[in-house]
Amino acid sequence: EAIIHQLQRKKHELGIAKIVSHLDNEQTEKQLVSEDGTTILTQIEVDKQSGTVAEVSRRLYEVVKGEGIRTYLTGNELVIEDFVQSTQQGVKKTELFSVMIIILILILVYRSPIVPLISLLTVGVGYAVSLGIVAHLVHLADFPFSNFTQVFLVVVLFGIGTDYNILLYSRFKEELSRQERVLAAVKQTFRTA
């Protein structure tokens, strides 16, 4: 009850448009309080102009956390925001994992510390350029963008880029043994790979 009263006092500060609680009347008390009395729901409607979902939820969490009482916030926007945040963290982990696996595979295959670095550099440049192109498409052509777009770019570009680099390096090694000059081996590699 103290938390609900505090929410009502700070309504304007928190951007709350409406609060429905068990304190309103007997009918809402029957609907919002569990039979055993251990759980109480309170519906809070927040004005969309009061800030981003992350900002509003942070402000609400500061008010609703109470001593000896477990409080939770939920709702469509909060669930979507959590999903977006976890997807972003997943993208970062995927990128890190991809880089480590690529380095490991390339070191095992080529037994050279330089080849993985060159491969990652070229794939990284391809990723940065692709992300820039997608950003321009989003801005100029209303191209649909989601968190999965970034995941898709990471997976596809790191996967295909590494495969293509392995193909190029293997082909170059073959051509080095056939050609007299390095430049001729490079040209033949790009023609046939």
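Q: Which handedness does the crossing of α5 and α6 have, left-handed or right-handed?
A: In this predicted model, α5 and α6 cross in the right-handed sense.

Q: What are the angle and the axis distance for α5 and α6?
A: Two packed helices are described by how their axes are angled and how far apart those axes lie. Here α5 and helix α6, residues 114-141, pack at about 145°, and their axes are 9 Å apart.

Q: Which residues make the contact?
A: From α5 come Glu-95, Val-99, Ile-102, Ile-103, Leu-106, Ile-107 and Tyr-110. From α6 come Val-115, Pro-116, Ser-119, Leu-120 and Tyr-127. Sorted by class, the contact of α5 with α6 has ten nonpolar residues, one polar and one charged.

Q: How is empty space found, and what is the volume of the largest pocket?
A: A probe the size of a water molecule, rolled over the atoms, shows where space is left empty. In this model the largest pocket has a volume of about 1,200 Å³. Its lining has 35 residues, and the closest to the pocket centre are Thr-42, Ile-44, Tyr-72, Leu-73 and Thr-74.

Q: Which element supplies the largest share of that lining?
A: That is α4, with five residues. At least two lining residues come from each of α1 (2-9), β2 (43-46), α4 (53-64) and α5 (76-110). By class, the lining of the largest pocket holds 16 nonpolar, 13 polar and six charged residues.

Q: How many helices and strands does the protein have?
A: There are eight helices and two strands. Starting at the N terminus, their order is α-α-β-α-β-α-α-α-α-α.

Q: Why is the protein described as more spread out than a compact globule?
A: The radius of gyration is 28 Å, while the globule rule gives 16 Å for 193 residues; the protein's value is well over that, so the protein is more spread out than a compact globule. Along the principal axes, its C-alpha trace spans about 90 × 40 × 25 Å.

Notes: Residues numbered from 1 in each chain as written. Predicted model: local features only at pLDDT ≥ 70, side-chain atom pairs only at ≥ 80, totals over all residues. Heavy atoms only, no water. 1 Å grid on protein atoms, 1.4 Å probe; cavity = no way out; pocket = protein on both sides within 12 Å on 5 of 7 lines; lining within 4 Å. Points joined across faces, edges and corners; volume = space filled by probe spheres on them. Helix = DSSP H or I, 4+ residues; strand = E, 2+ residues; numbered from the N terminus. Nonpolar A, V, L, I, M, F, W, Y, C, P; charged D, E, K, R; others polar. Axes fitted to C-alpha atoms, helices over the stretch in contact; angles between N-to-C directions. Left-handed = near helix turned anticlockwise from the far one by under 90°. Contact = heavy atoms within 4.5 Å. Rg over C-alpha atoms; globule rule 2.2 N^0.38 Å.
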